[in-house]
Each structure stands twice: as C-alpha cells, then as structure tokens.
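Colleague: Got a minute to look at a model with me? I'd like to talk through some helix packing and the empty space inside.

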Amino acid sequence: MTDPANRWRTFALAAPVSLLVLLQVLPLVTGARTLILRDVLNTHAALRVSLADGLRGGELPLVDPLRSGGQALAGNANVLAFYPDNLLLLFGSHLWQLNLHFVLHWLLAFVAAYWLGRVWGLEREGSVAGAVVFALSGYWLSQMNFYNAVAPVALAPALWAALLEAGIPAQRRRGLLVAGLAWGLMVLGGDPIVALIALASGLLLAPARHGRGLPWARLALALGLGTLVALPQIVEALRILPMSFRAVQGYAESGGGVRDPRAIFDLLIPLFFGRPDVGAIWGKALFGGHPPIYFTLAPGWLALALAAVAGAPRRREGRWLALLAGLATLATFSGGSPIPGWLTTLPGGQLLRFPEKAFLVAALALALAAGFGFDRLVRGEAGRRVALALVAALVLAGSLWLLFGVAALGGEPHFARLFGELDAERAWAEGHMRWAGLSMFGTALAVLLLTTLLALRRHPWLGGALLLALHAAAQLAFLRPLLADDEAERYATPPPIAAEVPRSLVLAQGGVTDIFGIDDMSELAGHFTDRSLHWLQRNAWSEFHVFAALSDGRRLEFAVSPEGLDAYVTAVVTSGMKHLDDPRRVAILRATGVDLLLLARDLVPADAGGARLSRTFPGLARTMRFYDIPSPLPEVTLAGSIVRAAHVNAALEAIWSSGFDPATTAVIPGSGPPVVAPPGTARLAVSEREHVEVEIDSPSGGALILRRAHLPIWRATIDGAPAPTVIAQLTRLAVEVPPGPHRVVFSISRWPLRIASTLALLALAALVVLWRRDGRRATAG
C-alpha cells in the first residue's frame with residue numbers, strides 16, 4: 001500500500017509548481033486570451049475553421065472549401081482531423097479548442113514524464129522533479145507554438161513508460177494498452193518524425209532493461225493495433241500524398257532544423273538568439289539559414305546542476321539512454337558539419353531533415369538524470385555536490401554577466417571572433433545588454449538557489465521543494481516570450497474591413513505567403529507603441545489575412561499549408577508568384593478565379609493586368625487597396641478552346657499571352673496544337689463540398705472547368721461513365737468532355753474513410769480485449 005505520508009509529500013512538492021502553471025494557463029482555458037506565436041493563428045487556427053464547421057454539421061470534411069480552392073483537410077496531418085480533442089469544437093470556438101489543445105498536452109507532459117520517472121526507478125520526489133524539468137524546459141515550451149507537434153512530444157514519455165512496463169509481468173497489461181494507444185495518438189498527433197524518434201528510442205531502451213523478458217509478439221500486436229487506430233489519418237494522407245508538394249518536391253529543399261555548435265550558448269542563456277514575441281531573431285545562419293525550429297533549449301540552471309550530480313548510469317538501459325542522448329545532442333548541434341547531409345543519404349533519411357527534433361531524447365534523458373539528482377538531494381546524500389554544482393553555475397553565469405555587461409573586459413572582440421560572419425557588430429550592439437541582463441538574473445537565481453540549499457541543509461526535503469518551486473518560477477519568467485498571447489476577444493468578431501467585402505467573392509490577400517512580393521513591414525514600426533508580436537497579429541487581423549478571412553467564412557486563394565501537403569501545382573504557383581511582376585501576378589489571379597485582391601500597396605503599374613482600384617479601407621496601421629480582377633474564371637465554365645502545355649512554365653506563358661480568356665480557353669497538361677472552338681454552356685445543378693453536378697451542352701466539346709483545386713481524390717463521370725480529371729488554368733479541377741448535352745458529376749468517395757474508421761474501431765476494441773486477456777492471464781498466474 002502507498003504510504004499516505006509519501007502521497008502528502010508528493011502533493012506538497014507538486015502543488016507550488018502546479019499553481020504557477022495554473023496561473024499561466026487559466027486565461028487560455030477560460031477563453032480570455034489566446035496564444036499567438038509563430039503559426040498559431042495564421043496556420044493552425046486557420047486550418048481549424050472548416051474542420052469545426054464540418055464537425056458541427058455532423059461530418060468530418062475531406063476538403064477545406066475555403067482555402068486555396070478546396071485543399072485537402074482530413075488528409076493534411078497538420079490539421080489533426082482525427083485527434084480526439086477535436087470533440088471540443090462541439091462545445092466552443094475553434095480558437096478556444098486550439099488553446100485548450102496546448103494546455104491539455106502541457107498538463108499531459110507533466111503526468112507522462114512523472115510516470116516515466118516512476119517506471120525508470122525514481123522515487124516519487126525525483127519523478128516530480130523530472131516532470132518539472134521536462135515540462136518547463138526550453139525544449140518543451142518551444143513546442144507551444146506547434147499545434148501539430150505538441151501532442152507527440154507530450155505523449156513520448158508515456159510511450160517510453162508503457163514500453164518499459166510491458167516487460168514487467170505485474171504491469172504488462174497496462175503497458176501494452178497504453179503503448180498501443182499512445183502510439184496511435186502520436187501518429188494522429190501531426191508530427192510523424194517525432195513519433196518515430198520516440199518509438200525507435202523506446203524500442204531500444206525496453207529490451208536493454210528486460211532483455212528476453214520483453215513480450216515481443218504481444219508488444220508488436222499492441223503497436224500494430226495502435227497503428228490501425230490511426231488508420232483513417234494514414235489512409236486519407238496516402239490518398240492526397242502522391243500529388244502533394246511534399247511528395248513531388250521531396251524534403252531535400254527544406255531548411256533549418258539543425259544547430260551550429262556555437263548555438264550551445266542557448267543552453268546557458270535562454271533565448272540567446274532573440275525574443276520571438278518581438279520578432280527579434282538573429283544568427284539564422286547558425287540554424288541552416290532559417291529561424292530555429294525551437295527558439296530555445298535552455299533547461300535551467302537547477303536542471304543542469306541536478307543532472308550533474310546524478311552520477312554515471314549503472315544499469316544497462318541507463319547507459320543506452322546516455323548514448324542515445326549523446327547522439328541526439330550531436331545531431332542537434334551538427335550544423336556546419338557533414339552529419340546533416342550524411343543523415344539524408346540514409347534509407348528514408350530525408351525524413352531526418354530536421355535533426356533538431358531528435359533532441360526529444362536528450363530532453364527526456366536530462367529530466368531523468370535531474371530526477372535522480374533530486375532523489376539523492378532529498379535523501380541527504382548529495383547536498384554538497386548540488387551546492388558545488390550551483391557554485392559552478394554561479395561562476396559561469398556571473399562570468400557571462402561580466403563579459404556581456406562590462407565593456408572593459410573585452411567581450412565584444414571575443415564575440416566578433418566567434419560570430420564574425422553573422423554581422424556580429426550589429427548583433428552585439430542590439431543584444432549584449434539583454435544578454436547581460438539575462439546573465440545577471442541567472443546569477444541572482446544561482447545565488448538564491450545556493451542560499452536556499454545551504455539554509456535548509458538540515459531539512460533536505462524542504463530545501464528541495466523550495467528549489468523546485470524557484471526553478472519553475474524562473475523558467476516561466478525567463479521563457480515567458482514562448483507563451484506570447486493576446487486578448488482573444490480581438491479575434492472573436494470579423495474586422496471592420498470584412499463589411500466592405502461581398503461574401504460571394506473569392507479573395508487573394510497580397511501579404512499572404514508574399515504572393516505580391518515580400519511584404520514590407522517596416523512602415524508599421526511608427527504606428528505601434530512597442531515591437532510586441534500582438535501588434536503585428538492585430539494588424540494582420542485588420543488587413544483580413546488568412547485567419548481573419550477564413551474565420552469569417554471567406555474563400556481565400558493562395559493560402560497554403562506550410563508542411564507541403566497541399567496540391568503540388570498550388571504550392572508551386574504560390575511560391576513562384578513572389579518572383580513575378582504585378583501584371584503577371586494579376587493574370588494568374590484572373591486565370592484561377594480570384595475576384596478581389598487586397599493589397600497594402602499600389603500595383604505597379606496602377607492598372608497592372610487590367611486590375612481596377614475600386615476602393616480603399618484603413619487598416620490598423622496601413623491603408624488596404626481593393627483591386628477588382630477583370631473577367632476572372634467563373635465558378636464553372638465550359639471552355640471550347642484548349643491549349644496543351646508540356647510543363648508549368650508553358651502553362652504560364654499561355655495564361656500571360658495577349659487575349660487569353662480563362663472562361664473560353666482551357667490550359668491543360670499535354671502536347672499538341674491548340675484547339676480553337678466556341679465555348680459551351682454549363683450550369684451548376686448541385687454544388688456541395690465534396691459533390692458537384694453540372695449540366696453542359698457544347699457543339700464541339702472542350703474542357704469543363706470548376707473554380708476548385710485539382711486534387712487526386714476527385715473523381716469525375718460523364719453521364720455515369722468514368723472520365724479522367726485534368727488540371728486546368730494552373731490549379732483548377734477540370735475534365736475534357738465530348739460534344740452535346742451531358743451531365744458531369746465530380747465527387748470524392750468517402751468509402752476509404754468509412755472502411756478505415758471501421759477498422760480503427762475494431763482495433764481499439766482489440767486493444768481492450770488484449771488488455772483484458774492479459775489481466776485474466778495475470779490473475780490465473
């Protein structure tokens with residue numbers, strides 16, 4: 001039986017940290033505030049609008065009718081369309097559900113890391129400490145702007161714990177059940193790379209502990225059933241993947257996700273490379289030329305001190321974990337070395353284009369080591385060693401404080417030698433006082449931790465509890481920029497500009513993905529009282545950017561998903577537009593069916609592509625121009641003339657040619673002479689999200705074009721006979737039709753989803769049967 005005194009001590013240890021975290025998340029839970037950092041609003045929240053509408057209507061949508069002509073929704077792993085907490089959309093707004101997703105997984109990270117500590121062999125106190133170190137580390141808090149990554153990272157310690165428990169006869173049934181469920185949820189959670197890293201490392205650690213005692217057959221069955229639980233997501237992803245940007249382009253062109261060894265400073269000075277909440281990130285060359293995936297990995301001084309006194313691992317699985325953590329750290333800080341390139345040459349190595357994601361293993365290893373150190377501390381075995389480690393932290397933090405803050409010590413020349421190719425002079429001028437301040441507070445924290453430890457050396461448990469509370473408060477204070485938020489009420493109603501835009505129009509926002517060139521934000525500086533991110537988000541809302549437009553139910557073109565799971569042609573055209581001049585951009589908008597362009601600058605020339613400035617409207621900081629696009633592609637048209645283009649560039653040349661009319665001439669893939677013929681008539685008889693019926697008549701045939709995105713999941717029939725779909729006008733869905741009157745049906749089959757969902761439910765039931773069967777076997781034994 002559990003000693004009530006131990007439970008009380010555990011509660012007393014966790015209560016102060018829990019209170020601090022509760023104060024942080026309460027405004028998110030109540031809906032008073034919303035996270036806003038990075039892609040939280042303009043990507044993740046925007047992707048949830050159509051999902052919420054579909055679920056409230058009783059059906060999970062396969063496509064998003066609002067975004068880029070109807071891009072895949074269920075198959076896009078970034079949406080997490082099949083994740084269980086989507087049920088919260090039935091009880092609140094999509095913005096509230098999004099924030100609650102982050103909050104629930106933050107709390108899950110504490111619980112899962114605590115369980116891992118207990119299974120690993122830590123005492124209750126050490127398990128609490130390890131959970132606090134993990135869930136308040138820079139690595140974890142950097143997940144709080146990735147809706148599609150936070151779930152796998154939170155579930156990873158639970159998966160490890162379950163795999164380890166599967167080898168313990170008394171806990172095997174729980175281990176097998178949770179292993180299957182956790183793995184299935186991680187596959188559904190949106191980041192398969194992190195999920196695979198967690199599974200592979202866990203499958204190395206479990207046999208290292210149990211050897212031949214691990215029930216491989218039943219474990220494989222549990223993980224297989226967990227995979228089947230995620231089958232709907234897998235099936236829908238495979239349906240769209242062949243013609244997605246990621247499948248065609250591959251991963252090799254992706255950047256970032258690896259750190260130069262000089263980024264080690266970030267482990268000691270949190271957010272050394274800038275505060276993301278004010279958009280001040282420097283040294284991108286140290287991260288592959290891109291902003292870092294994780295803004296900071298700083299674990300905190302106490303975490304490092306506790307891990308330092310944990311001692312060398314004695315058990316085999318501990319040594320394996322130390323090796324894996326070392327390799328993960330090496331991969332993370334391998335920028336500038338051949339390692340990232342070598343990793344991509346391995347079979348399936350392009351999935352490892354983000355070596356930084358392997359730091360999950362190192363973060364969990366550090367948490368377990370800190371937990372061991374804390375156990376030794378509260379048992380009164382390591383007080384002196386912890387004190388010495390904190391003295392070392394004090395000396396290091398103090399040295400950094402003096403180096404960055406006292407000019408006479410010559411810190412600037414040393415910095416210039418180390419970071420010379422990164423505009424070191426400017427970086428020093430803008431950042432050294434902030435680094436000095438962070439180091440000063442780090443020094444003060446080390447003094448406070450050391451004083452607390454020495455003052456309560458006769459009461460090691462109380463001293464440890466206070467140390468842990470101080471660590472939690474310091475991490476939440478130092479890393480607060482990672483939790484940048486704003487008043488949710490500001491995003492609850494459409495911005496005033498929405499009233500000026502007719503709901504029937506298809507829009508393009510020139511600042512979205514820079515389709516009209518790099519959006520110059522410098523003019524915004526004089527309009528706001530500070531550089532806080534919330535001003536930029538409020539301005540984007542006022543200018544009807546992605547999140548604002550989609551939240552108001554508007555159709556917005558060229559708003560692509562960042563992970564490359566949208567249609568290849570849509571992503572390529574979107575990316576290429578930023579390199580064109582305005583007349584060619586307007587021609588693309590006309591060909592793809594955009595009615596209205598919103599732009600924060602004047603077109604060059606003013607009548608580029610025949611666009612007409614119809615009105616202006618003041619945004620929060622800039623005046624928005626409304627440009628009417630002349631004679632755009634209609635909702636449906638039967639083009640009699642056909643131009644066959646061998647590649648995208650040839651299609652663009654056809655669209656840019658003088659006299660091109662997207663309603664009468666179809667540009668489709670292929671080769672051969674152009675066909676010139678009169679257009680036919682087309683009438684929409686049925687127009688639904690996944691089903692369209694058109695009545696047509698034409699004397700010579702041609703191409704029937706819908707103002708919808710071409711996706712591989714669309715199927716077409718002409719008078720009931722299957723007909724192949726083609727891409728028209730760069731991105732649109734079309735089918736070639738013969739002369740005469742016909743009824744053409746476009747539809748997306750839901751049968752693959754129904755079959756996959758049935759198998760997923762059966763797999764879930766089988767997991768429960770496996771759990772009950774192991775329970776009866778354990779009882780009989």
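Modeller: Sure, helix packing comes up before cavities here. It's a predicted model, so to speak: local features need pLDDT of at least 70, side-chain atom pairs count only at pLDDT 80 or more, and totals for chains, interfaces and linings use all residues. Residues are numbered from 1 along each chain as its sequence is written, and side-chain values use heavy atoms, with hydrogens and water left out.

Colleague: At what angle do H2 and H3 pack?

Modeller: About 115 degrees, with the axes of H2 (residues 40-56) and H3 (residues 94-120) 9 Å apart. Axes are lines fitted to C-alpha atoms over the stretch in contact, and angles run from 0 to 180 degrees between N-to-C directions. Helices are DSSP runs (H or I, at least four residues), numbered from the N terminus.

Colleague: Which residues of H3 make the contact?

Modeller: His-94, Leu-95, Gln-97, Leu-98 and Phe-102, with contact meaning heavy atoms within 4.5 Å. On H2, they meet residues including Val-40, His-44 and Arg-56.

Colleague: New topic: how many cavities of 30 Å³ or more are there?

Modeller: The search finds 7. A cavity is a set of points on a 1 Å grid over the protein atoms alone where a 1.4 Å probe fits but cannot get out, and lining residues have an atom within 4 Å of a point. Points are joined across faces, edges and corners, and a volume is the space filled by probe spheres set on them.

Colleague: And what lines the largest cavity?

Modeller: That cavity holds about 160 Å³ and has 20 lining residues, with Leu-268, Pro-270, Gly-300, Trp-301 and Phe-478 nearest its centre. H19 gives the most, 5 residues.

Definitions and conventions:
Helix = DSSP H or I, 4+ residues; strand = E, 2+ residues; numbered from the N terminus. 1 Å grid on protein atoms, 1.4 Å probe; cavity = no way out; pocket = protein on both sides within 12 Å on 5 of 7 lines; lining within 4 Å.
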